[in-house]
Every structure is written in C-alpha cells, then in structure tokens.
Amino acid sequence: MTIKTYALLFLLSLVSATGICQQSQETDTTSHLKSGFYILNDSVGVKVFVPSFNKTQYVNTKTLIPITAIKKCSTVGIDATFGNTGEKQFGLNLTFTPNGDIKMQIATDIAFEERKSIGLFIDNKIINAFYVNSKIRNGNYFLALNLPFAEIKKLEKKINTELKKKK
C-alpha cells in the first residue's frame, strides 16, 4: 500500500458530526465562525455541541485553516472493506494549497500532541469533527462523512462556491 492509501484508510476512521455553535460567557463578542478548520477542546471560545461525540466542546474563534486554504474539493467514494463487509465510503477529497498543507500539518500536530480534535465549520455549523490519531503529512485529505450522498454533493458545491468568491 502507498502512503496515500494509508492516509485515506486513516481518515476513513474519522468520526463525523454536525452541530450548532452557541455563544458562551467565556467568549468574545464574535458569534460567527468563518468557514474553515478549527481545533476543538480549547478551554475558551464558542461552545459547540458535537452530536457524535455527545458532548459540548469549546472552539477558539480564530480559525487555524481558513476555507481558502483548500485548492480543490471534490466528492469521492472509496471502497472500505473492514472484515467481511464491502462498503463504499463517501466523503470529500480536499487538496490544499502549499500554505494550507503546512497549516493542516500544524493543526494535526497540535491535535495529536494535545489530544484534541479538529472540526470543519461551514456557515457557522460544524460539518465534521474528527480525532487525530497520528500526524498527517499529505497534500490530499479524504474527509469521510456520514451524510447522505446528496448532502455531500451540496457541501462540495458550497465549499467550491466559497473558494470561487475568494479568488
């Protein structure tokens, strides 16, 4: 197996979650999170309920990786065989800019070393949250999503629309 394949298999094990951001007394007056990737489990920030984790977590209001750090976003399906099951896992294939890739490496380093998770926020909602089990070193990332295929396509379109606005 190639390193890319291992990275994809690792990312398949990520936990998906959706939730809504809520203002907490510990935050500044910012109630809107810009689209991008954030470290979860910070001690101050915006409260976010992450359903798949079944708990509230804090998110620092400054994004580590803005959505504009993504160079390309596409919906993909890969075969995920665990045991005797042969399922297709759908999600987003994200290619980052060189600077975005460095930022993602830093974010995964922080999350791994401090046992925190990373969340993708779009339109002030958490779209996906995942634990980082190892430092990730790759320009392409597969973000497994436990959403219906049509919802993943909508998310891809939304991300690509935001990317076009920023150019």
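**Exercise 1. Decide whether R115 is buried, partly exposed or exposed, and describe its place and backbone in this predicted model.**

Solution. Begin with the accessibility: R115 has a relative accessible area of 74%, and the cut-off for calling a residue exposed is over 50%, so R115 counts as exposed. Next, place the residue along the chain, where R115 is found in the loop between helix 2 and strand 8. Finally, look at the backbone, because R115, although it is not a glycine, has a positive phi of about 50°.

**Exercise 2. Find the salt bridges of the structure, and classify the accessibility of each partner.**

Solution. Step one is the count: a search of the whole structure finds three salt bridges.

Step two takes the bridge between K116 and E114, whose side chains meet at 3.1 Å, N to O. Of these partners, K116 counts as buried at 16% relative accessibility, whereas E114, with a relative accessible area of 47%, is partly exposed.

Step three turns to E151 and K154, which form a salt bridge with their closest N and O atoms 3.5 Å apart. These two residues are three residues apart in helix 3, and therefore E151 and K154 are separated by about one helical turn. E151 counts as partly exposed at 37% relative accessibility, while K154 counts as exposed at 52%.

Step four treats E156 and K153, whose side chains meet in a salt bridge at 3.1 Å, N to O. Both residues lie in helix 3, three residues apart, which is about one turn of the helix. Here E156 is buried, with a relative accessible area of 12%, and K153 is partly exposed, with a relative accessible area of 38%.

**Exercise 3. State how many aromatic pairs the structure holds, and work out the geometry and surroundings of the pairs Y38 with F121 and F90 with F149.**

Solution. The structure holds four aromatic pairs. In one of them, Y38 and F121 lie 5.2 Å apart, centre to centre, with 80° between the planes; the cut-off for edge-to-face is over 60 degrees, and so this pair is edge-to-face. The pair links distant parts of the chain, since Y38 belongs to strand 2 (residues 36–39) and F121 to strand 8 (residues 117–122), 83 residues apart. To classify the partners, compare their accessibility with the cut-off for buried, which is under 20%: Y38 counts as buried at 1% relative accessibility, and F121 counts as buried at 0%.

The pair of F90 and F149 is also edge-to-face, with 5.0 Å centre to centre and 70° between the planes. F90 lies in strand 7 (residues 85–96) and F149 in helix 3 (residues 149–166), so the pair ties together parts that are 59 residues apart in sequence. F90 counts as partly exposed at 29% relative accessibility, and F149 likewise counts as partly exposed at 43%.

**Exercise 4. Describe the largest nonpolar core, and then follow F96 to its partners.**

Solution. Start with the membership: the largest nonpolar core has 27 residues, and those with the most contacts inside it are F37, I70, L92, L94, F96, I118 and I159. Then ask which elements contribute: strand 2, strand 6 (70–82), strand 7, helix 2 (98–113), strand 8, strand 9, strand 10 (140–144) and helix 3 each supply at least two residues of this core. The largest share, four residues, comes from helix 3.

Now follow F96, leaving aside its neighbours within four places in sequence: F96 is in contact with F37, I65, A69, I70, K71, D101, M104, G139 and Y141. Apart from the largest core lies another core, of eleven residues, among them Y38, V46, I126 and A129. To complete the picture of F96, note that F37, F96 and Y141 form one aromatic cluster.

**Exercise 5. Locate N124, decide whether it is buried or exposed, and find what its side chain reaches.**

Solution. First, N124 lies in the loop between strand 8 and strand 9 (125–131). Second, the relative accessibility of N124 is 17%, and N124 therefore counts as buried. Third, follow the side chain of N124, which reaches the backbone nitrogen of L33 at 2.8 Å.

Technical notes. Residues numbered from 1 in each chain as written. Heavy atoms only, no water. Phe/Tyr/Trp six-rings, centres within 6.5 Å; stacked < 30°, edge-to-face > 60°. Buried < 20%, exposed > 50% of the residue type's maximum accessible area, 1.4 Å probe, protein only. Polar contact = N/O pair within 3.5 Å; in protein donor to acceptor, adjacent residues only side chain to side chain. Salt bridge = Lys/Arg side-chain N within 4 Å of Asp/Glu carboxyl O. Core = buried A, V, L, I, M, F, W, Y, C linked by side-chain atoms within 4.5 Å. Contact = heavy atoms within 4.5 Å.
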